[in-house]
Amino acid sequence: MKSGYHAIYTRYRDNIARGVLKPGDKVPAIRVLAEELKVARKTVETAYAILIGEGYLVSQGARGTRVNPDLILPASQNAPTDQTTGMLPESLISQRERAGFLRPGIPALDCFPYKKWLLLAGQATRSMRQEEMLSPPVMGWYPLRQAIARYLNISRGLSCTAEQVLITSGYSGSLRLILDTLASRSDKVVFEDPGYFMGQQLLKRIVPRLHTVPVDRSGMDTDYLLRHHRDARFAIVTPSHQSPLAVTLSLPRKQQLLDWATQNNAWIIEDDYDGEFHYTRKVLPSLKSLDHHDRVIFMGTFSKTVMPSLRMGYVVMPASTVPAFTDCADIVTSGQPVLTQKILTTFLSDGHFFRHLKKMRALYQQRRDWMIAALHDVYGERFFTEQNDGGMHIVAFLTKGSDDRDVARIWQQHQLQVNALSEWYRGSGKRYGLVMGYNNVRSYEEALTLLRKPLAETLRLLE
């Protein structure tokens, strides 16, 4: 645990909310916990004082400090059958820091326009003014918000203004801010199953009432949502290119989802993480573009289209929520670096972003075809893929068996950073396979070379 009263407070609050610490449980004495964490006693005293003030803990004198025996937690804390459970699998821990190939979600770094980016960076640095050296605006640098609104209105079919765009630190920052602004701890939140594994872990830590809705070949099963979770307040979806199954939410289900949100005064959080990349037809319109009642909160990121290290995303706020987001952002965020925002603004406004996306669509389609062909040539019928309309990864489903975790471990030993599909599930009805990226595979021959590395061990396991 990190030192600092806020970290201690947060850990205890979340453990109590998730039922790890139950009403009546005793917590360590201030002196004992301070010694264990190597922090000052005052730090622990401050954290405990806040927890006691909010009613999570009670001080009972000589009997010590305990979780409030009268604390009533939501009923969903008691492990409902469809609530997400378990810890992040070992094979997914710190994957973002491991070197290797075929990692999902990484753009083609060999084809990024570095020289143009460096030129824009130099121009932005030289044009910095004194007022831009102060704290950055928490809602984002206004010219960037304008550039993003123009881009979304043209390319993603939205109808939004710069005032509705809020700049964030990426996926986690966007999701946290949305829930901090609009959700209470009693609100039910539904997430796709399977769904983005890092999103699952984040939500498990911050949402007491988290449930899952299964995904099939037409996207999130909205009939299941209406049968079991009609009372949900938030639905988090990846409609354009589901993560990880890569399917698109069908139009009837999109309309059903929008009708549910309108009738129940609920919110849909649309995660458009790679909606720009569709190959066999024009870019699909976003779910938000069909939203006539302003119930969709749109999330985007530049990690997939520019570079992961940029750590910059955005939220398109429904007009009625702008004041609430403004108030919340002023408290919980500190804004993104202005210099980086200026570089990105020019990259968008001068047309470099559009040209880069056009080039990447053609390139990714070719590299996906190389990967699928090489997978078939090396492994024959042991894997199969389903035809999808784009994205940045494929799922190589196992033709038989359920050993995808063992296969993934073998591949990872050869620096192939694939994921076991079953690890993305939290409910029943799992499918088995490997989630693999292809954007940085530079030729069919390179794809063959990479896939042959774990060939002998994989064949022994699958026979």
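This report walks through the cores, the sheet and the cavities of a predicted model.

## About the model

Residues are numbered from 1 along each chain as its sequence is written, and side-chain values use heavy atoms, with hydrogens and water left out. As the model is predicted, local features need pLDDT of at least 70 and side-chain atom pairs count only at pLDDT 80 or more, while totals for chains, interfaces and linings use all residues.

## The nonpolar cores

Let's start inside. The largest nonpolar core (buried Ala, Val, Leu, Ile, Met, Phe, Trp, Tyr and Cys residues joined through side-chain atoms within 4.5 Å; buried means under 20% relative accessible area with a 1.4 Å probe, protein chains only) has 63 residues. L102, V306, L344, F383 and W411 have the most contacts inside this core. Helix α12 (residues 352-379) gives the most to the core, with ten residues; helices are DSSP runs of H or I with at least four residues, and strands are runs of E with at least two, numbered from the N terminus.

A second, separate core has 27 residues, including V138, L166, I297 and V315.

## The sheet

Next comes an open sheet of eight strands, with mixed pairing, in the order β3-β10-β9-β8-β7-β4-β5-β6. Two strands pair if DSSP finds at least two bridges between them. Strands β3 (165-168) and β6 (219-220) stand at the edges with a single partner strand each, so one side of each is left without a neighbour in the sheet.

Strand β5 (residues 209-216) pairs with β6 in the antiparallel sense over two bridges. M220 in β6 is the bridge partner of V215.

Terms used: Buried means under 20% relative accessible area, exposed over 50%, partly exposed in between (1.4 Å probe, protein chains only).
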